[in-house]
Amino acid sequence: RTDPAVLWAVALFGCIEFGAMGLIPVWSIKIGQTEQMALTLVALLAAGNVLMQVPMGWLGDQFNRRKLLSLCAGFCVIAALGAPTVSTMQIPLYILTAVWGGVVVGLYTFALNELGSRYTGAEFARGNGAFMTSYGLGALFAPPLLGAAMDVTPPHGMFHVLAMAAATYLALLLLRRGKN
């Protein structure tokens, strides 16, 4: 309750990580791509995620994490809106997917850094429990919600919902600027 920006960051991360990774292959097939390309997109999203963990950790140690969270959220909006736009261009789609995977890990990393720097002892334990619950809720609700969005607004509905989620989180950060 004392820092919803941290909890919503990790919920958005869980949403993108589980929702997008799970449904990008479905979206890819629905827009006429091969199974190989669908699998490549998942691999690129995961590779970006893995490769950027250390650089994101370093950035979180050097710069204002709230501003970094805002940059990550803003990029997530751009990536979600950009994916349908570049969906017919293989190389731009590959690059966007890999970079998005790398940037989205910043939501988790910077939020975890904030949690660790703000709380100690029992407060940290409670905060960590809330942190993991938020991540789990994002991961739990994203796949069915994004799948339904793809059915309601085929084939790009998933990206519209992801863009709205990231934009809503960005708005929360801007509204809470200076409060934490």
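In the predicted model, Arg118 has a relative accessible area of 33% and is therefore classed as partly exposed. The side chain of Arg118 takes part in a salt bridge with Asp3, in which the closest N and O atoms lie 2.5 Å apart. This contact joins distant parts of the chain, since Asp3 belongs to the segment before H1 and Arg118 to helix H5, with their positions 115 residues apart in the numbering. Asp3, in contrast to its partner, counts as buried, because its relative accessibility is 4% and the limit for a buried residue is under 20%.

Asp3 also forms a salt bridge with Arg66, again with 2.5 Å between the closest N and O atoms. Here too distant parts of the chain are linked: Arg66 lies in helix H4 (residues 65–85), Asp3 in the segment before H1, and the two are 63 residues apart. Both Arg66 and Asp3 are buried. These residues belong to a network of salt bridges that links Asp3, Arg65, Arg66, Glu114 and Arg118.

The structure holds 5 salt bridges. One of them is formed by the side chains of Asp151 and Lys30, with an N to O distance of 3.7 Å. This pair also connects distant parts of the chain, with Asp151 in helix H6 and Lys30 in helix H1, 121 residues apart. Asp151 has a relative accessible area of 58% and is therefore exposed, while Lys30, at 44%, is partly exposed.

Helix H1 also contains Phe13. With a relative accessibility of 4%, Phe13 counts as buried. The C-alpha atom of Phe13 is separated by 8.6 Å from that of Gly106, although the two residues are 93 positions apart along the chain.

Empty space in the model was examined next. Rolling a probe the size of a water molecule over the atoms shows where such space is left. The largest pocket has a volume of about 350 Å³. It is lined by 14 residues, of which Trp8, Ala11, Leu12, Cys15 and Ala165 are the closest to its centre. Helix H1 (4–30), helix H6 (121–152) and helix H7 (157–175) each supply at least two residues of this lining. By class, the lining of the largest pocket consists of 12 nonpolar and 2 polar residues, with no charged residues.

The structure also holds 1 cavity of 30 Å³ or more, and the volume of the largest cavity is about 30 Å³. The residues that line the largest cavity are Ile24, Trp27, Ala83, Leu93, Leu96, Thr97, Trp100 and Phe159. Two elements, H1 and H5, give two or more residues to this lining. H5 gives the most, with 4 residues. In terms of class, the lining of the largest cavity has 7 nonpolar residues and 1 polar residue, and no charged residues.

On the surface, Ile91, Ile95 and Val99 make a nonpolar patch of about 270 Å². Of these, Ile95 lies in helix H5 (residues 90–118). Ile95 is classed as exposed because its relative accessible area is 51% and the class begins at values over 50%.

Key. Residues numbered from 1 in each chain as written. Predicted model: local features only at pLDDT ≥ 70, side-chain atom pairs only at ≥ 80, totals over all residues. Heavy atoms only, no water. 1 Å grid on protein atoms, 1.4 Å probe; cavity = no way out; pocket = protein on both sides within 12 Å on 5 of 7 lines; lining within 4 Å. Points joined across faces, edges and corners; volume = space filled by probe spheres on them. Nonpolar A, V, L, I, M, F, W, Y, C, P; charged D, E, K, R; others polar. Patch = residues over 30% accessible without salt bridge, like charges linked within 9 Å, V, L, I, M, F, W, Y side chains within 5 Å. Areas by Shrake-Rupley, 256 points an atom, 1.4 Å probe, with all protein chains shown as cover. Salt bridge = Lys/Arg side-chain N within 4 Å of Asp/Glu carboxyl O. Buried < 20%, exposed > 50% of the residue type's maximum accessible area, 1.4 Å probe, protein only.
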